[in-house]
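Reader: I'm in my first year and I keep meeting labels for parts of a protein model. Could you take me through one and show how each label is earned?

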Amino acid sequence: MPERTVVTEAEVGVRIAEGVSATVNGFDLTVRDSIVYTLDPASGQQAYLNAGRTGSRGAEAELRVEGRRGFVVLGYAMYSTAGKNQIDLFRGLSSSRVLGLPAHKLSARATWQLHPRISLNGAAAWFSRRDAALIADADGNPVLGALPAAALVDVLVRVRDVGLKGIEVSAGVHNLLDTDFPYAQPYNAGHAPLPGPGREFMVRLAYDGAFL
């Protein structure tokens, strides 16, 4: 049987001042006859089946400030599954949360033009605690727990027209704080959260233009 999704969403935006704007978004999502993945720990049998209704409701807000030298965008998002989710495989430690996903997220990204050809770019995100199947008991059933709140920070410097018009060099750091941020499955996958990448350095050379 196919699953069916109904989404109701509304968004309002306002220009507060020159270069300053804000948007607020609210949503309600319902999924009926949800198709879910299951695993029998005793036999290892895998299957997909219809497991009832799930969904969430929540809101997002964004504030954007732009100037001559760059911009800053601040965001907040939240959700709740209270009264929506009826699928035990997805349920976290609370009826208002599902496995793997933070209920709250704060974010920021910015670009500062240091020079007409040089920009400094940054992004940061804070995630509230995430419920997850951390281990399995002797019978193979998941033991639920919580991963702590965590923040991820990225920084990138971009230089355009390096030696020749159209050549761009960028260098940056992903996960600057070397935060431990494992990947938690949004259902019982039969294993603990998978390790995420630590601090990563990157350099990129690109050319955008026509060769003569």
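Author: Sure, let's go. Aspartate 178 has a relative accessible area of 41%, so it gets the label partly exposed. That label covers values between the 20% mark for buried and the 50% mark for exposed. Keep in mind that this is a predicted model.

Reader: Where is aspartate 178 found?

Author: Aspartate 178 sits in the loop between S12 and S13. Its phi is near 55°, a positive value in a residue other than glycine.

Reader: What makes a positive phi worth pointing out?

Author: Most residues other than glycine have a negative phi. Asparagine 175 is another case here, with a positive phi of about 60° although it is not a glycine. Asparagine 175 also lies in the loop between S12 and S13.

Reader: Why is asparagine 175 called buried?

Author: Buried means under 20% relative accessible area. Asparagine 175 has 1%, so buried it is.

Reader: What about glycine 19, in the hairpin of S1 and S2?

Author: Glycine 19 takes a positive phi near 80° in that hairpin, which has two residues between the strands.

Reader: How do you know that S1 and S2 are paired?

Author: Two strands need at least two bridges to count as paired. S1 and strand S2 (residues 20-32) are joined by 13 bridges and run antiparallel, so they pass. Threonine 5 stands opposite valine 31 in S2, for instance.

Reader: And what joins S2 to S5?

Author: Twelve bridges, with the two strands running antiparallel. Strand S5 covers residues 54-67, and its glutamate 62 stands opposite threonine 23.

Reader: In what order do the strands of the sheet come?

Author: Nine strands form it, in the order S1-S2-S5-S6-S7-S8-S11-S12-S13, with antiparallel pairing. The sheet is an open one.

Reader: What makes S1 and S13 edge strands?

Author: Strand S1 (4-17) and strand S13 (200-207) each have a single partner strand, so one side of each is left without a neighbour in the sheet. From one strand to the next, the twist averages 10°.

Reader: How do you know that S11 and S12 pair?

Author: Strand S11 (residues 150-160) and strand S12 (residues 167-174) share six bridges in the antiparallel sense. The rule asks for at least two, so they count as a pair. Valine 155 stands opposite valine 173 in S12.

Reader: Is serine 170, in S12, buried or exposed?

Author: Buried, because its relative accessibility is 6% and the cut-off is under 20%. Leaving aside neighbours within four places in sequence, serine 170 is in contact with Leu156, Val157, Arg158, Met202, Val203 and Arg204.

Reader: What makes the contact between arginine 158 and glutamate 168 a salt bridge?

Author: A side-chain nitrogen of Lys or Arg has to be within 4 Å of a carboxyl oxygen of Asp or Glu. The arginine 158 and glutamate 168 side chains meet at 3.1 Å, N to O, so the label fits. Arginine 158 lies in strand S11 and glutamate 168 in strand S12, so the pair ties together parts that are ten residues apart in sequence. Glutamate 168 counts as buried at 18%, whereas arginine 158 is partly exposed at 28%.

Reader: How many salt bridges are there by this rule?

Author: The count comes to ten. One of them joins glutamate 18 to arginine 15, with the closest N and O atoms 2.5 Å apart. Another joins aspartate 131 to arginine 129, at 3.3 Å.

Reader: Why is arginine 15 called exposed?

Author: Exposed means over 50%, and arginine 15 has a relative accessible area of 57%, so it qualifies. Arginine 15 lies in strand S1.

Reader: Which residues make the nonpolar surface patch?

Author: Trp112, Leu114, Leu120, Val155, Val157, Leu176 and Leu177 make it, and it spans about 560 Å². Strand S7 (104-115) and S11 are the elements that give two or more residues to this patch.

Reader: What makes tryptophan 112 eligible for a patch?

Author: A patch residue needs over 30% relative accessible area. Tryptophan 112, in strand S7, has 46% relative accessibility and counts as partly exposed, so it clears that cut-off.

Key
Residues numbered from 1 in each chain as written. Predicted model: local features only at pLDDT ≥ 70, side-chain atom pairs only at ≥ 80, totals over all residues. Heavy atoms only, no water. Helix = DSSP H or I, 4+ residues; strand = E, 2+ residues; numbered from the N terminus. Axes fitted to C-alpha atoms, helices over the stretch in contact; angles between N-to-C directions. Buried < 20%, exposed > 50% of the residue type's maximum accessible area, 1.4 Å probe, protein only. Patch = residues over 30% accessible without salt bridge, like charges linked within 9 Å, V, L, I, M, F, W, Y side chains within 5 Å. Areas by Shrake-Rupley, 256 points an atom, 1.4 Å probe, with all protein chains shown as cover. Contact = heavy atoms within 4.5 Å.
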